[in-house]
Amino acid sequence: MLIYAVKDYEELSRKAANIIAAQVILKPTTVLGLATGSTPVGAYQNLAEACTKGDLDFSQVSSANLDEYKGLSGDHDQSYRYFMNTNLFDHINIRKECTHVPNGLAEDAEAECARYDAVIESLGGVDLQLLGIGGNGYIGFNEPNDIFKKGTHCVTLTQETREANARFFETLDDVPTHAFTMGVGNIMAAKKVLLLASGAGKAQALYDSLFGPIDPKVPASILQLHPDVIIVADEAALTLIREKGLL
Ligand code: F6R
């Protein structure tokens, strides 16, 4: 596991974009596993700028996103498909038909999960999986649980997660109750994982995930078993790890 300690969010965004850019330059047909949330937004902006300048070419890249709210169409401004289009895909030369996000409107949840796993398989698996981390160590929508779920599945969102995401909706009632998410198995199958953590709110989760026991109660802790993980974290997110003298 490689940990890059950076000063702040701006530096984190540049570093993350550089790592993704290096991956795309070295393998133009890269399959990117992508995340939404606030953390990757700056990296996406940097990637868009590099592409606009002509320094980066996404024309042969494919992508598969981690998750999507169940019940929201891709046009809904809080859907993850909409987020990806507006924060990244509309600003780079990736072919939209090569970008994949679970279908939030799928009626048959089980069939949609099987379809999404088959999509990832048909792409030949993910080369580089980008991850943010939830305050309690969750990745994708894999929340603390008694087991690590393997493949794409449909989750009932906890009240805590719905409340955390309510800031993006008009009322708490508008926050979907379910979501599709890649499983921990899908994430672990990626050839390389890039996890970003910014801000003091992530300090405990980062410490528990990287140095605590491997436990489905802290889903990101499974990454300790992955052979190729890069962490980019700012000083605020690293406070606890620094305090314990682990870095
Ligand atoms: C997003 C995702 C989530 C976020 C996590 C952190 O696709 O899967 O696990 O990475 O909720 O969100 P932010 O970056 O907003 O702190």
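**Reading the ligand site**

Q: By class, which residues form the shell around the ligand?
A: The shell has five nonpolar, six polar and two charged residues. Ala, Val, Leu, Ile, Met, Phe, Trp, Tyr, Cys and Pro count as nonpolar, Asp, Glu, Lys and Arg as charged, and the others, including Gly, as polar. The model is predicted: local features need pLDDT of at least 70 and side-chain atom pairs pLDDT 80 or more, while totals for chains, interfaces and linings use all residues. Numbering starts from 1 along each chain as its sequence is written, and side-chain values use heavy atoms, without hydrogens and water.

Q: How many residues surround the ligand, and which are the closest?
A: Nearness requires a heavy atom within 4 Å. The ligand is surrounded by 13 residues, the closest being Ser38, Thr39, Asp67, Gly140 and Lys202.

Q: Which polar side-chain atom lies 2.6 Å from an oxygen atom of the ligand?
A: A polar contact to the ligand is a pair of N or O atoms within 3.5 Å. The 2.6 Å distance belongs to a polar side-chain atom of Lys202. For Tyr138, a polar side-chain atom lies 3.1 Å from a ligand oxygen. Ser38 instead places a backbone N or O atom 2.8 Å from an oxygen atom of the ligand.

Q: Where does the ligand sit?
A: A molecule sits in a pocket if more than half of its atoms lie within 2 Å of the pocket's grid points. A pocket is an open set of points on a 1 Å grid (1.4 Å probe), with protein on both sides within 12 Å along at least five of seven lines; lining residues have an atom within 4 Å of a point. Here the ligand occupies the largest pocket. Of the 35 residues lining that pocket, Thr36, Gly37, Ser38, Tyr138 and Asn165 are the closest to its centre. By class, the lining has 16 nonpolar, 14 polar and five charged residues.

Notes:
A polar contact is a pair of N or O atoms within 3.5 Å; within protein, one must be able to donate a hydrogen and the other to accept it, and residues adjacent in sequence count only if both atoms are side-chain atoms.
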